[in-house]
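Work through the following exercises with the sequence and the model side by side, and attempt each task before reading its solution.

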Amino acid sequence: MASETRVGTRRAGAFDIRLIIALLTGVYGVVLTVSGIAFTDDADLRKAAGVNINLWAGIGLLVFTALMVIWALVRPIRVPVTEGDETPAE
């Protein structure tokens, strides 16, 4: 195997698992929030002891999603780039 010289690093970008998790929880958060706002009636609230659980769970998921995205932007994963790689170092 040829000796590869490390040139620098680059961001992981779309392959960062935090962004994939944020996408999934964001979709579920939007679905639950809309369900809690638009499709919850009095019978559902009585079953849940007066708490609109879909709304609160959706808001919680959206907050979690925002934190994951902020984390991924503030502390990006750096991937080492070697001399043989085709992508330039940042």
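A residue is called buried when its relative accessible area is under 20%, exposed when that area is over 50%, and partly exposed in between. The structure examined here is a predicted model.

**Exercise 1. Apply the cut-offs to Phe39 and place this residue in the chain.**

Step 1. The relative accessibility of Phe39 is 63%, and because exposed means over 50%, Phe39 counts as exposed.

Step 2. As for its position, Phe39 belongs to the loop between helix 1 and helix 2.

Step 3. When neighbours within four places in sequence are left aside, Phe39 is in contact with Val34 and Asp44. The C-alpha atoms of Phe39 and Asn54, which are 15 residues apart in sequence, lie 9.6 Å apart in space.

**Exercise 2. Describe the overall architecture of the chain: which elements does it have, and in what order do they run from the N terminus?**

Step 1. Counting the elements gives three helices and two strands.

Step 2. Read from the N terminus on, these elements follow the order β-α-α-α-β.

Step 3. Of the contacts in the chain with a separation of 6 or more, 80% are accounted for by residues 24 or more positions apart.

Step 4. The chain has 90 residues, of which 19% count as buried, and its accessible surface comes to about 6800 Å², with 67% of that surface belonging to carbon and sulfur atoms.

**Exercise 3. Locate the salt bridge of the model and determine whether its two partners are buried or exposed.**

Step 1. A search of the whole structure returns one salt bridge, and the side chains that meet in it are those of Arg18 and Asp16, at 2.7 Å from N to O.

Step 2. Arg18 has a relative accessible area of 6%, and since this value is under 20%, Arg18 is buried. Asp16, at 4% relative accessibility, likewise counts as buried.

Step 3. Arg18 lies in helix 1, and its side chain also reaches the backbone oxygen of Arg75 at 2.9 Å.

Step 4. Not counting residues up to four places away in sequence, Arg18 touches Met68, Trp71, Ala72, Arg75, Pro76 and Ile77.

**Exercise 4. Follow the chain to Pro76, one of the residues touched by Arg18, and characterise its surroundings.**

Step 1. Pro76 is placed in the loop between helix 3 and strand 2, the latter spanning 78-82.

Step 2. With a relative accessible area of 27%, Pro76 is partly exposed, because this value falls between the cut-offs of 20% and 50%.

Step 3. Residues up to four places away in sequence being left out, Pro76 touches Arg11 and Arg18. Pro76 and Ala12 are 64 residues apart in sequence, yet their C-alpha atoms are 7.2 Å apart in space.

**Exercise 5. Use C-alpha distances to relate Thr9 to Val81 and to Thr82.**

Step 1. Thr9 is part of strand 1, residues 6-11, whereas Thr82 lies in strand 2.

Step 2. Thr9 and Val81, although 72 residues apart in sequence, have C-alpha atoms 5.1 Å apart in space. For Thr82 and Thr9, which are 73 residues apart along the chain, the C-alpha separation is 8.4 Å.

Step 3. At a relative accessible area of 23%, Thr9 is partly exposed, while Thr82, at 18% relative accessibility, counts as buried because its value is under 20%.

**Exercise 6. Identify the nonpolar surface patch and the element from which its largest share comes.**

Step 1. The patch is made by Ile17, Ile20, Ile21, Leu23, Leu24, Val27, Tyr28, Val31 and Phe64, and it covers about 850 Å².

Step 2. Helix 1, residues 17-38, supplies the largest share of this patch, with eight residues; Ile17 is one of the residues found in helix 1.

**Exercise 7. Examine the backbone at Ala49: what is notable about its phi angle?**

Step 1. Ala49 has a positive phi of about 60 degrees, although this residue is not a glycine.

Step 2. Ala49 lies in the loop between helix 2 (42-47) and helix 3 (53-74).

Step 3. Its relative accessibility is 72%, and since that value is over 50%, Ala49 counts as exposed.

Technical notes:
Residues are numbered from 1 along each chain as its sequence is written. This is a predicted model: local features need pLDDT of at least 70, side-chain atom pairs count only at pLDDT 80 or more; totals for chains, interfaces and linings use all residues. Side-chain values use heavy atoms; hydrogens and water are left out. Helices (H or I, at least four residues) and strands (E, at least two) are DSSP runs, numbered from the N terminus. Buried means under 20% relative accessible area, exposed over 50%, partly exposed in between (1.4 Å probe, protein chains only). Patches are made of residues with over 30% relative accessible area and no salt bridge: like charges are joined within 9 Å, nonpolar side chains (Val, Leu, Ile, Met, Phe, Trp, Tyr) within 5 Å. Accessible areas come from the Shrake-Rupley method with a 1.4 Å probe; for residues, only the protein chains shown count as cover. A salt bridge is a side-chain nitrogen of Lys or Arg within 4 Å of a carboxyl oxygen of Asp or Glu. Contact means heavy atoms within 4.5 Å. A polar contact is a pair of N or O atoms within 3.5 Å; within protein, one must be able to donate a hydrogen and the other to accept it, and residues adjacent in sequence count only if both atoms are side-chain atoms.
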